[in-house]
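Please open the model in your viewer and keep the sequence panel visible beside it. This tour proceeds by selections, each followed by a short description of what is to be found there.

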Amino acid sequence: MITFVLSLLALIIGYVAYGKFIEKVFGPDDRPTPALTKADGVDYIVLPGWKIFMIQFLNIAGTGPIFGAIMGAKFGPAAYLWIVLGCIFAGAVHDYLSGMLSMRNDGAGQPELIGRYLGKTTKNVMLVFSVFLLMMVGAVFVYSPALILGKICSDGLTWVYIWCGIIFVYYIIATMLPIDKIIGKIYPLFAISMLFMAVALMAVLFIKWPTLPELYDGISGEGFTTPIFPALFITIACGAISGFHATQTPLMARCVKSEKMGRPMFYGAMITEGLVALIWATISMYFFYGGAAQDLGQPLTLQAPEVVTAVSEGWLGTFGGILALLGVVAAPITSGDTALRSARLIIAEFIHLEQKTIMKRIWICIPLFGATLALLFYNIKNPDGFNVIWSYFGWANQTLAVFTLWAITVYLVRERKPFWVTLLPALFMTVVCSSFIMVSKNAFGLDMTVGYAVGGAALIIAVAWFCGWYRKELKIKD
């Protein structure tokens, strides 16, 4: 628990100190924001700061910081290091700067921003890449909460299917309506569930004060043979850094009244997500390594959703367990609806179709929801569908973060700002993603040695490309 406490403090200090530094790097000012200059009553609407924070937090805090942290905890105390360092120096920086850059570019979506700084070809590739990623999020974030809600109602699959239908209908409505009609009204209620879940489970941890693996015992998990690099950095994404977040920050960049509200909205929301991931990683280490599984009468082979159910019900009782589970359920649902909303806006931006008119929203939503429904059907019918889609999502998600970080780096260089704040995370994640795609069973499935070699080569190529481009950029500036 000592490592857990120190990690909590580190995240808080990181927000106060490094978050303030990153804010100075960007330099927010008093210029009018897109919420004022492009107000349309649908997607560009001024919202109160507290609502923006809640919506942004719930947008990005899907099952990733919960399920990802549970799976990542099997790697041992290394999960603490990645959540803390990744969140402070990579994830929160990525979220804040992508959100602020969107605000400076009239609320532009992630593919549009990448195109402005990395070129038209990259923009087109990222358009397809990001829309497919968002549809995967929509499909996965229908089925995973439906499993939890279905088990609350009954042990059979009937209620799981019913909940899939209810959640999917909700997604359609939330994607179509103005952002303040449903999302702006119900997110505070979901946030209460999420906060209860996090605070209650953390309180139980402090009461129990279990003996857990600490960093001074070693970074790897006991008996866990899977190499930490690169698997850990793909498994724990949303709790450390996630490219999906860059598709969500423009949604709130279109609702912020002043640029000076950006640090708590974007950097702060990511730090809060890191805290949630930290809590679940600690609970999971207690479950896998500290005897909690035995105390709860559960096998160590439980999957992430089952761990959530067992811990919540076992620690908080029936009523508290349901509230905690609702908190966990709220996370994926409130990411799934905004994922599809973001996909609608990305497509509309690409084909230059205004979205104030409801019929023009419908034209985009029909094929979008049809494709998402197909992915959901595959997820349900294939016994391993969730794991397959999640595996592809994990790699695609982090690859999206790589391109976003490189785009922001180009922006910082051109503005003569300290570009190393995104260059270093960009290089690191480039190595992670290039290595992982080589060794992943759902990609090339090659030997780990080959993966490390490809990752090293990617690092050399990326450094050489950047140095060459940087010299040319300086000559242009001069």
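Begin with helices α5 and α17, where α5 passes α17 in a left-handed crossing. To display the pair, select residues 78–104 for α5 and residues 420–439 for α17. Their axes come within 10 Å and cross at roughly 120 degrees. Please note that this is a predicted model.

Now show the side chains at this crossing. On α5, select Trp82, Phe89, Ala90, Val93 and Leu97; these meet Val421, Thr422, Pro425, Phe428 and Met429 of α17. By class, the residues of this contact comprise 9 nonpolar, 1 polar and no charged.

Next, move to the loop between α5 and α6, the latter spanning 110–118, and select aspartate 106, which lies in that loop. What is the sign of phi at aspartate 106, a residue other than glycine? The value is positive, with phi near 60 degrees. For context, most residues other than glycine have a negative phi.

Step back to view the whole chain. How many helices and how many strands are there in the chain? The chain has 18 helices and 0 strands. Its radius of gyration is 21 Å, close to the 23 Å that the globule rule gives for 478 residues, so the chain is as compact as a globular protein of that length. Along the principal axes, the C-alpha atoms fill a box of roughly 65 × 50 × 40 Å.

The following two stops share helix α8. Select residues 120–153, which form helix α7, together with α8, whose residues are 158–176. The axes of α7 and α8 come within 8 Å and cross at roughly 135 degrees; the two helices are therefore oblique to each other. Their crossing is right-handed.

To see the contact itself, display Gly138, Phe141, Val142, Tyr143, Pro145, Ala146, Leu147, Leu149, Gly150 and Cys153 in α7. Their counterparts in α8 are Trp159, Val160, Trp163, Cys164, Ile167, Phe168 and Tyr171. This contact of α7 with α8 has 15 nonpolar, 2 polar and no charged residues.

Keep α8 selected and add helix α15, residues 358–381. How are α8 and α15 oriented relative to each other? Their axes come within 10 Å and cross at roughly 155 degrees, and α8 and α15 are therefore roughly antiparallel to each other. The crossing of α8 and α15 is right-handed.

On the α8 side of this contact, select Tyr161, Cys164, Phe168, Tyr171, Ile172, Thr175 and Met176. They meet Ile358, Arg361, Ile362, Cys365, Phe369, Thr372, Leu373, Leu376 and Ile380 in α15. The residues here divide into 13 nonpolar, 2 polar and 1 charged. Cys164, Phe168 and Tyr171 of α8 are among the residues that also take part in the contact with α7.

Proceed to helix α9, residues 183–208, and select lysine 185 within it. Which backbone oxygen does the side chain of lysine 185 reach? That of aspartate 180, at 3.3 Å. Add lysine 51 to the selection: although it is 134 residues apart from lysine 185 along the chain, the C-alpha atoms of the two are separated by 8.8 Å.

The last stop is helix α10, residues 228–235, where proline 230 is found. Is the peptide bond from phenylalanine 229 to proline 230 cis or trans? The bond is cis, with omega near 5 degrees. In general, most peptide bonds are trans.

Technical notes
Residues are numbered from 1 along each chain as its sequence is written. This is a predicted model: local features need pLDDT of at least 70, side-chain atom pairs count only at pLDDT 80 or more; totals for chains, interfaces and linings use all residues. Side-chain values use heavy atoms; hydrogens and water are left out. Axes are lines fitted to C-alpha atoms, for helices over the stretch in contact, and angles run from 0 to 180 degrees between N-to-C directions. Helices (H or I, at least four residues) and strands (E, at least two) are DSSP runs, numbered from the N terminus. Angles under 35 degrees count as roughly parallel, over 145 as roughly antiparallel, 65 to 115 as roughly perpendicular and the rest as oblique. A crossing is left-handed if the near helix is turned anticlockwise from the far one by less than a right angle, and right-handed if clockwise. Contact means heavy atoms within 4.5 Å. Ala, Val, Leu, Ile, Met, Phe, Trp, Tyr, Cys and Pro count as nonpolar, Asp, Glu, Lys and Arg as charged, and the others, Gly among them, as polar. A polar contact is a pair of N or O atoms within 3.5 Å; within protein, one must be able to donate a hydrogen and the other to accept it, and residues adjacent in sequence count only if both atoms are side-chain atoms. The radius of gyration is taken over C-alpha atoms; the globule rule is 2.2 Å times the number of residues to the power 0.38.
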